[in-house]
Amino acid sequence: MKEKHFDINEEGLSIRCRIMQEGNERTFNRVIICTHGFGGNKEAANITKFAEKEIAKHSKDAVIAFDWPCHGNDGRKKFEISECLQYLRLVINYVKETLKAVDIFNYSVSLGGYLSLLYIHENGNPFKRIALRAPSLSMYEAMLNKFSEDEREKLLKGKEVEAGFERKMKVNRSLLDELKEKDVRKYEYLDFADDMIVIHGTKDELVDINDSRKFCDDNVIELIEVEGADHTFHDPKLMDIAIHNIVEFFNN
């Protein structure tokens, strides 16, 4: 498998991207867009492993990943939902217009799952099929839980605080208000139910699997529960189960 790093420079933004493929083709019938979780980046091991499995099965496919704003090598410092959706739109446009993809797929994890669902709600569904692993459906609560009591008080007073792991980003009250308002659990995705699966570990310590159970039940979406898997699917065997299901779903 070959990979190349490049930037999408549009609308005053520079989106750091990574494309994985077998040969030297410049256009593809099928492209899978992978999005990472909060604090992650486009180099995530699960994205690499997925790309290896997908391209081994379909050598003409391409897999593209990118850094969300304030993640990885991205140049932004303040995390904003509107910019996240702008990034996803520009990547989709690149896949359509430059890579000439006929079919676009989406494999997203955690924060990426939330943002993908929000994008679909606000812009329509550009994806042939969608696989979400441990999506942060309750993103407002997940973000709020990242802060201490002192940090929450600062946010309520309109001050900025920092969030993140290896890399820190600026967060303010308006972000939390937007996340609370744009709760994807209250939106309907029935029209896309046949083309979507959700995979969630039963031992997820960060995102409640019951959110996925209710979301899938409400929207008649297939939920695959992986017994014993934590949020990151740290166990390689359990990660293999998740990726196998996604590859099969995309190629069914």
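This is a short tour of a predicted model, stop by stop, with something to select at each one.

**Stop 1: two crossing helices**

Start by selecting helix α2, residues 81–97, and helix α3, residues 111–123. Their axes come within 10 Å and cross at roughly 80°. That makes α2 roughly perpendicular to α3, because angles of 65 to 115 degrees count as roughly perpendicular.

Now show the side chains where they meet. On the α2 side, pick Ile 81, Cys 84, Leu 85, Leu 88, Arg 89 and Ile 92. Their partners in α3 are Tyr 114, Leu 115, Ser 116, Leu 118, Tyr 119 and Glu 122. Try colouring this contact by residue type: you should get 9 nonpolar, 1 polar and 2 charged residues.

**Stop 2: a helix with a buried face**

Next, select helix α6, residues 173–181. Which of its residues are buried? They are Leu 175, Leu 176 and Leu 179. Turn the view until you look down the axis of α6: these buried residues fall within an arc of 95°, so they line one face of the helix. On the face turned away from them, you'll find the exposed residues Lys 180 and Glu 181.

What do the buried residues of α6 pack against? Switch on α2 and α3 again, then add α4 (139–144), α5 (149–156) and β8 (168–171), and you have the answer.

**Stop 3: the largest core**

Time to go inside. The largest nonpolar core has 60 residues. Select the ones with the most contacts inside it: Ile 33, Phe 66, Phe 79, Ile 81, Val 95, Tyr 114 and Met 143. Ile 81 and Tyr 114 should look familiar, as both were part of the meeting of α2 and α3. Helix α2 gives the most to this core, with 10 residues.

Zoom in on Ile 33. Leaving out residues up to four places away in sequence, Ile 33 touches several residues, including Ile 64, Phe 66, Leu 88, Val 91, Ile 92 and Val 95. Also among its contacts are Phe 105, Tyr 107 and Phe 127.

**Stop 4: a second core**

There is another core, separate from that one, with 28 residues. Met 20, Phe 233, Ala 242 and Val 247 are among them. Select Met 20, which sits in strand β2, residues 13–21. Is Met 20 buried or exposed? Its relative accessibility is 0%, so Met 20 counts as buried.

Now add Val 63, in strand β4. Val 63 is buried too, because its relative accessibility is 0%. Put a distance line between the C-alpha atoms of Val 63 and Met 20: they are 43 residues apart along the chain, yet separated by 5.1 Å. Beyond its sequence neighbours, Val 63 also contacts other residues, including Ile 32, Cys 34 and Phe 50.

For another distance, draw a line from Met 20 to Lys 77. This pair is 57 residues apart in sequence and 27 Å apart in space, C-alpha to C-alpha.

**Stop 5: two loops with a positive phi**

Finish with two backbone angles. Cys 70 is in the loop between β4 and α2, and has a positive phi of about 70° although it is not a glycine. Cys 70 counts as buried because its relative accessibility is 1%.

Then jump to Val 220, in the loop between α7 (209–219) and β10 (222–226). Val 220 isn't a glycine either, but has a positive phi of about 55°. At 58% relative accessibility, Val 220 counts as exposed.

Technical notes:
Residues numbered from 1 in each chain as written. Heavy atoms only, no water. Axes fitted to C-alpha atoms, helices over the stretch in contact; angles between N-to-C directions. Helix = DSSP H or I, 4+ residues; strand = E, 2+ residues; numbered from the N terminus. Parallel < 35°, antiparallel > 145°, perpendicular 65-115°, else oblique. Contact = heavy atoms within 4.5 Å. Nonpolar A, V, L, I, M, F, W, Y, C, P; charged D, E, K, R; others polar. Buried < 20%, exposed > 50% of the residue type's maximum accessible area, 1.4 Å probe, protein only. Arc of directions from axis to C-beta. Core = buried A, V, L, I, M, F, W, Y, C linked by side-chain atoms within 4.5 Å.
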